[in-house]
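Thanks for coming. I have one structure to go through today, so let me put it on the screen.

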Amino acid sequence: MVLLKMSHLNKIYGGTKAVDDFNLEIEKGEFICFIGTSGSGKTTTMRMINRMLHQTSGTIEINGEDISKMDPVKLRRKIGYVIQNIGLMPHMTIRDNITLVPRLLKWSEEKRNEKAKEMIKLVELPEDYLDRYPAELSGGQQQRIGVIRALAADQDIILMDEPFGALDPITRESLQDLVKDLQERLGKTFIFVTHDMDEALTLATKIVIMSHGKQVQVDTPDNILRHPANEFVESLIGQERLIQARPSITTVGQVATKAVSARESQTLKEALGEMHTKRVDTLLVTDDAGVLRGFVGIEQINQFYGTGKKIGDIMDKNIFYVKEDSVIRDTVERILKRGFKNVPVIDHDHHLVGIVTRATLVDMVYDALWGESDKPEKSDDTEVGDQA
Ligand code: ADP
Ligand code: MG
């Protein structure tokens, strides 16, 4: 069931559209992250949801009820708002800090005290901390109190506008974990503004990407990673993550193709015949059991042709290979950096199972960056064993 529904929301300041036809339906228990460049309309949208701002046009409904027609106190009971980086009130006890909003909502003292005890338990701090002042707590403890303060008024929907924007990455991560955990345990619905894609990917069930007042893409983190709507979204995600966002293809073995090979015991004539048929200038060499031993190029074969030597005698044993269960993202850079056109893939017992070609890897990187379309022409580069 839809908890919050925004339809054709617009907010115009002077001539500029701060928010331009914003539409979103949010279900109970969702964690929505807004992300976008500065000035893209995130804060303006949040403030309209809480009716701190009134939209130029469009509607916002909670459980089907138009918020512009709701009693403001009733609305505040349903929606909480946490503004950018606000700390605790230094002159108030922890109890009073936690129950700031319940007091504004005119809860009885008894109910407020109950709530304060319940909330401080959630962050595993002792109850007697409720009588302390913020300065008596560590920075980390104060941050955690700040999070439970946001949840203390039992509102269904919590709006947070870059709450962790100014924090160091480690503090940030621990508070993200706390927020996500409490959100799930308490069954709250969150709308959370961030400028940090990692934060959005960690927290969100759905991400709303904003640019110039417009929604560029609204989707699950997974779909955003796999199918970014345009270059702007790609730039927000970053190339690194795009390459990693292909869980369906993870190991080198999954992209390996058949290798052309010879055995150590074969004659140079046989090897040359194989090269000719398969139109390659290099062969991988295995023993009779299929274990990778080396490679041989057409130049070596020419050099030793007619000497009666076998492939095993003249092959180059200095061969670079990858294991079939290596993770692609760990190997792709190494392979591309070395400049190999292709690299043999082996199993745990060093049996040759195939090759990965540079062309395959390059295609994968292109797919990840640009999707299936707009792929540059494939280079016809499927021959084997061409080391270095
Ligand atoms: P964000 O939170 O995504 O950084 P905002 O919602 O704060 O963006 O702002 C969206 C746009 O609206 C910006 O271009 C901003 O300059 C403009 N804006 C915001 N508040 C006002 C205001 N009170 N008067 C005029 N323009 C405003
Ligand atoms: Mg803002």
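I will take the ligand site and then one helix.

Keep in mind that this is a predicted model.

Start with ligand 1. Which residues surround ligand 1? Going along the sequence, they are Tyr13 and Ala18, then Thr37, Ser38, Gly39, Ser40, Gly41, Lys42, Thr43 and Thr44. By class, that shell holds seven polar residues, two nonpolar and one charged. Helix α1, residues 42–49, supplies three residues, the largest share of the shell.

Now the polar distances. The side chain of Thr44 places a polar atom 2.5 Å from an oxygen of ligand 1. For Thr43, a polar side-chain atom is 2.8 Å from a ligand oxygen. Gly41 uses its backbone: an N or O atom there lies 3.0 Å from an oxygen atom of ligand 1. How much of ligand 1 does the protein bury? Taken alone, the ligand exposes 560 Å², and 55% of that is buried by the protein.

Next, helix α7, residues 169–186. This helix has 18 residues and reaches 25 Å from first to last C-alpha, close to the expected 26 Å. Its buried residues are Arg172, Leu175, Gln176, Leu178, Val179, Lys180, Leu182 and Gln183. As a reminder, residues three or four places apart in an α-helix point the same way, because there are 3.6 residues a turn.

What do the buried residues of α7 pack against? Three helices, α5 (109–122), α6 (139–151) and α8 (197–203), and two strands, β3 (31–36) and β8 (189–194). Just after α7 comes Gly187, with a positive phi of about 65°.

That is the set; comments are welcome.

Note on methods:
Residues numbered from 1 in each chain as written. Chains lettered and ligands numbered in written order. Predicted model: local features only at pLDDT ≥ 70, side-chain atom pairs only at ≥ 80, totals over all residues. Heavy atoms only, no water. Near = heavy atom within 4 Å. Polar contact = N/O pair within 3.5 Å; in protein donor to acceptor, adjacent residues only side chain to side chain. Areas by Shrake-Rupley, 256 points an atom, 1.4 Å probe, with all protein chains shown as cover. Helix = DSSP H or I, 4+ residues; strand = E, 2+ residues; numbered from the N terminus. Nonpolar A, V, L, I, M, F, W, Y, C, P; charged D, E, K, R; others polar. Expected span 1.5 Å × (residues − 1). Buried < 20%, exposed > 50% of the residue type's maximum accessible area, 1.4 Å probe, protein only. Contact = heavy atoms within 4.5 Å.
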